[in-house]
Amino acid sequence: MKTAVYAHRGSKCNCPENTLDAFAEAMRVGSDGIELDVHLTKDQQIVVMHDEKIDRTTNGKGQIKSYTLEELKQFDAGSWFSAKFKGTRVPTLSQVLELLADFRGVLNIEFKTDRNVYPGIEIRVAQLVGHYRPHLPVVYSSFNHESLIRLKKINPEADIALLLWERLAEPWRYTQQIGATAQHLWQPTAFSETAEQLQKHGIKVRAWTVNQPKNMQLAFEMGIDAIITDHPEAALDLRNSFQKVTKQ
Ligand code: G3P
Ligand code: CA
């Protein structure tokens, strides 16, 4: 089985994370999937960023939820990474969905609802995906499983994946109960007998954040369904070499 390569927050190793440049680069290198994180602004717009605060990845300060989209768009989301990206703006989910018009892979949208700060985010995201990319395969994930359950109620067809740090007891049971098709596991948890147990029950395993070549190799050998990595191009090269060797 071929392990899929998902670009974590886009091609995070050579572009500012969760920006249009990072997603364009992830597509350019041929990523099988793209992972991103979503939040709600003060005026209920969906934006793509990892942290709840803008301090680390823009030249501004404070919580995303305390800014309107127009205010948020004033900040520079690229210079912190490199002068080359000066003037980069925080993207909306709509902009990313438009950018992905020719993307043939999987989009993994993570709800950053760990502290329950964004009531209604699930339906807004589902509506945007339905409007802009109704045929794009999307996997929704979250550490806040209530968010995924809410989404499933809104759209029973939604493909959901549980984000987890640790192994659950009989992990397949809970996963099946809430209708998830996958677990997205912290790599030390994924690289254990848990992966095989889940896969035996028809549950996919995607490991994050797999950046070391030796860990990528291990994922390929174990038949992990996907790795979520900051280095999609390197991971794809390594996987292609691995496949050549194993086919011989
Ligand atoms: O989806 C895997 C990974 O993105 C979860 O952690 O903190 O990078 O969003 P984080
Ligand atoms: Ca994430």
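In this predicted model, helix α4 crosses helix α5 with right-handed geometry. A second helix pair, α9 and α10, also has a right-handed crossing. The points below cover these two pairs, the shell around ligand 1, some backbone details and the setting of A190.

**Helix α4 against helix α5**

- Helix α4 spans residues 121–132, and helix α5 spans residues 145–154.
- Their axes come within 9 Å and cross at roughly 50 degrees. The two helices are therefore oblique, since the angle falls neither under 35 degrees nor in the range from 65 to 115.
- On the α4 side, the contact is made by E122, I123 and A126. On the α5 side, the partners are S147, R150, L151 and I154.
- By class, these contact residues divide into four nonpolar, one polar and two charged.

**Helix α9 against helix α10**

- Helix α9 covers residues 213–222, and helix α10 covers residues 232–247.
- The axes come within 10 Å. They cross at roughly 45 degrees, so α9 and α10 are oblique to each other.
- P213, M216, Q217 and F220 represent α9 in this contact. They meet A235, L238, R239 and F242 of α10.
- The contact of α9 with α10 holds six nonpolar residues, one polar and one charged.

**Shell around ligand 1**

- The early part of the sequence supplies H8, E35, D37 and H50, among others, to the residues around ligand 1.
- Further along, the shell includes E110, S141, L163 and H184. W208, T209 and I228 also belong to it.
- Sorted by class, the shell around ligand 1 has three nonpolar, five polar and three charged residues.

**A cis peptide bond in the shell**

- The bond from W208 to T209 is a cis peptide, with omega near -20 degrees. Both W208 and T209 are among the residues around ligand 1.
- T209 sits in the loop between strand β8 (204–208) and helix α9 (213–222). P213, in α9, takes part in the contact with α10.

**Positive phi outside glycine**

- Q44 is not a glycine, yet its phi is positive, at about 65 degrees.
- The loop between β2 (33–40) and β3 (46–48) holds Q44.
- Q44 has 14 other C-beta atoms within 10 Å, so it is partly exposed.
- E170, also not a glycine, has a positive phi of about 40 degrees.
- The loop that carries E170 runs between β6 (159–164) and α6 (171–177).
- E170 counts as exposed because it has 11 C-beta neighbours inside 10 Å, and the limit for exposed is 12 or fewer.

**The setting of A190**

- A190 belongs to helix α7, which spans residues 187–190.
- A190 is buried, because 27 other C-beta atoms lie within 10 Å and the threshold for buried is 20 or more.
- Leaving aside neighbours within four places in sequence, A190 is in contact with L185, A195 and V205. A207 and I224 are in contact with A190 as well.
- A190 and L164 are 26 residues apart in sequence. In space, their C-alpha atoms are 9.7 Å apart.

Terms used: Residues numbered from 1 in each chain as written. Chains lettered and ligands numbered in written order. Predicted model: local features only at pLDDT ≥ 70, side-chain atom pairs only at ≥ 80, totals over all residues. Helix = DSSP H or I, 4+ residues; strand = E, 2+ residues; numbered from the N terminus. Near = placed C-beta within 6 Å. Nonpolar A, V, L, I, M, F, W, Y, C, P; charged D, E, K, R; others polar. Contact = placed C-beta atoms within 7 Å. Axes fitted to C-alpha atoms, helices over the stretch in contact; angles between N-to-C directions. Parallel < 35°, antiparallel > 145°, perpendicular 65-115°, else oblique. Left-handed = near helix turned anticlockwise from the far one by under 90°.
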